[in-house]
Amino acid sequence: MSTTEPAQPEARGRGSRTVVVSFLGAVVRRMGNWMPIGGTIDLMAPLGIDGPSVRTAVFRLKKRGWLESETRGGIRGYALTGEALAALAAGDEVIWHARQPAALEDGWCVVNFSVPESQRSQRQQLRAHLASLGFGNVGTAMWIAPARMQAAAERAIAELDLTRHSAVFVGDHVAGQDLAALLYESWDLTGIDERYRAFIDEFAPVADELGGSGVVDPERAFASYLTVVDRWRRLPFRDPGLPRELLAEDWSGPDAAALFERLVATLEGRALAHAARLWPSS
């Protein structure tokens with residue numbers, strides 16, 4: 001893939017909101033937590049996202065409580081709210097540094113719950129929350145993750161007021177089913193690995209060419225940077241960070257993370273400099 005033709009997310013297929021969220025986290029926070037709407041539309045155009053799509057995404061994020069209208073330097077724009085900043089910050093360590101493998105000797109956190117039918121919606125929320133935290137489903141109402149997720153599980157249960165219907169255990173695997181086989185049944189680890197490989201296949205040629213030339217047009221540096229961040233952003237959250245010795249020998253997560261960090265190091269500075277031209281000067 002040529003460095004002059006960065007990968008472009010399809011506005012129709014993926015939706016513009018995911019790209020705008022990536023933009024908020026990767027660019028807007030580094031620009032004083034505020035964005036000019038006109039400048040944002042200009043920046044998104046090379047990625048195949050038109051003005052109406054940007055405005056629709058902004059409108060939805062505003063309704064979600066992530067953005068609020070604010071004019072700076074006579075330029076109309078939107079500021080990130082405290083809710084948005086907290087949500088973006090919560091994912092930073094995973095997104096920008098990848099989820100580090102847990103130590104096998106630390107053991108496992110097992111969550112079991114029996115929630116009455118009258119609280120079905122809370123039960124479904126708990127399942128979704130545990131999955132988003134990286135827990136795997138071992139069986140009916142039984143979830144497992146590395147032991148380091150104990151506190152996060154307890155918070156999720158407490159927030160849904162399901163403590164009296166749940167039990168959290170921490171301990172070692174000592175006997176029974178092969179642990180690696182159990183983990184591959186509890187998570188879609190093959191699917192996660194395939195997504196990592198797809199990222200490598202798409203962006204390794206870009207990194208190689210950038211490393212060879214060291215030259216890229218600023219506008220295309222920005223488009224490439226935001227595309228890379230948007231493609232990568234959800235991958236680390238799908239990865240539960242299991243002990244490396246329990247994964248397949250050719251597990252591609254570390255190679256994908258190294259490639260992402262290489263691309264960020266190459267593109268980020270030029271991308272942010274390009275975006276800064278559209279912000280009002282202090």
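**A walk through the predicted chain**

The chain carries 30 positive and 35 negative side chains, and the centres of these two sets lie 10 Å apart. What you are looking at is a predicted model, and a good way to begin is with the confidence that comes with it. The chain averages a pLDDT of 89, and 93% of its residues score at least 70. The start of the chain is another matter, for pLDDT stays under 50 over residues 1-14, although the model has 39 contacts beyond four places in sequence for this stretch. Where pLDDT is low, the predicted coordinates should not be read in detail.

With that caution in mind, consider the chain as a whole. Its C-alpha trace spans about 60 × 45 × 30 Å along the principal axes, and the chain contains 12 helices and 7 strands. Of its 282 residues, 47% count as buried, while the chain exposes about 13,700 Å², of which carbon and sulfur atoms supply 50%. If you take the contacts between residues at least 6 apart in sequence, 79% of them join residues at least 24 apart.

The strands can now be followed one pairing at a time, and strand β4, made of residues 108-113, is a convenient place to start. Strand β4 pairs with β6 in the antiparallel sense over 5 bridges, and within this pairing V111 stands opposite W143 in β6. Strand β4 is also joined by 6 bridges to strand β7, residues 166-171, and these two strands likewise run antiparallel; here W108 stands opposite G171 in β7. Strand β4 therefore has antiparallel pairings with both β6 and β7, a relation that rests on the DSSP rule of at least two bridges between two strands.

Which other strand pairs with β6 in the antiparallel sense? The partner is β5, and 3 bridges connect the two, with G136 standing opposite I144 in β6. Strand β6 covers residues 142-146, and because 4 of its 5 residues are buried, β6 is largely enclosed by the rest of the structure.

The turn from β5 into β6 deserves a slower look. These strands form a hairpin with 2 residues between them, and in this hairpin A141 takes a positive phi near 60 degrees, a positive value in a residue other than glycine. A141 lies in the loop between β5 and β6, and is A141 buried or partly exposed? At 18% relative accessibility A141 counts as buried, because buried means under 20% relative accessible area.

G139 belongs to strand β5, which runs over residues 136-139, and with 30% relative accessibility G139 counts as partly exposed, since that value falls between the 20% limit for buried and the 50% limit for exposed. You can also compare its position with that of G171: the two glycines are 32 residues apart along the chain, and their C-alpha atoms are separated by 18 Å.

Finally, turn back towards the beginning of the chain, to the loop between α2 (16-26) and β1 (34-36), where N33 lies. N33 has a positive phi of about 60 degrees although it is not a glycine, and with a relative accessible area of 27% N33 is partly exposed.

Definitions and conventions: Residues are numbered from 1 along each chain as its sequence is written. This is a predicted model: local features need pLDDT of at least 70, side-chain atom pairs count only at pLDDT 80 or more; totals for chains, interfaces and linings use all residues. Side-chain values use heavy atoms; hydrogens and water are left out. Buried means under 20% relative accessible area, exposed over 50%, partly exposed in between (1.4 Å probe, protein chains only). Contact means heavy atoms within 4.5 Å. Accessible areas come from the Shrake-Rupley method with a 1.4 Å probe; for residues, only the protein chains shown count as cover. Lys and Arg count as positive and Asp and Glu as negative; His and the chain ends are not counted. The place of a charge is taken as NZ of Lys, CZ of Arg, CG of Asp or CD of Glu. pLDDT is the predictor's confidence in each residue, from 0 to 100.
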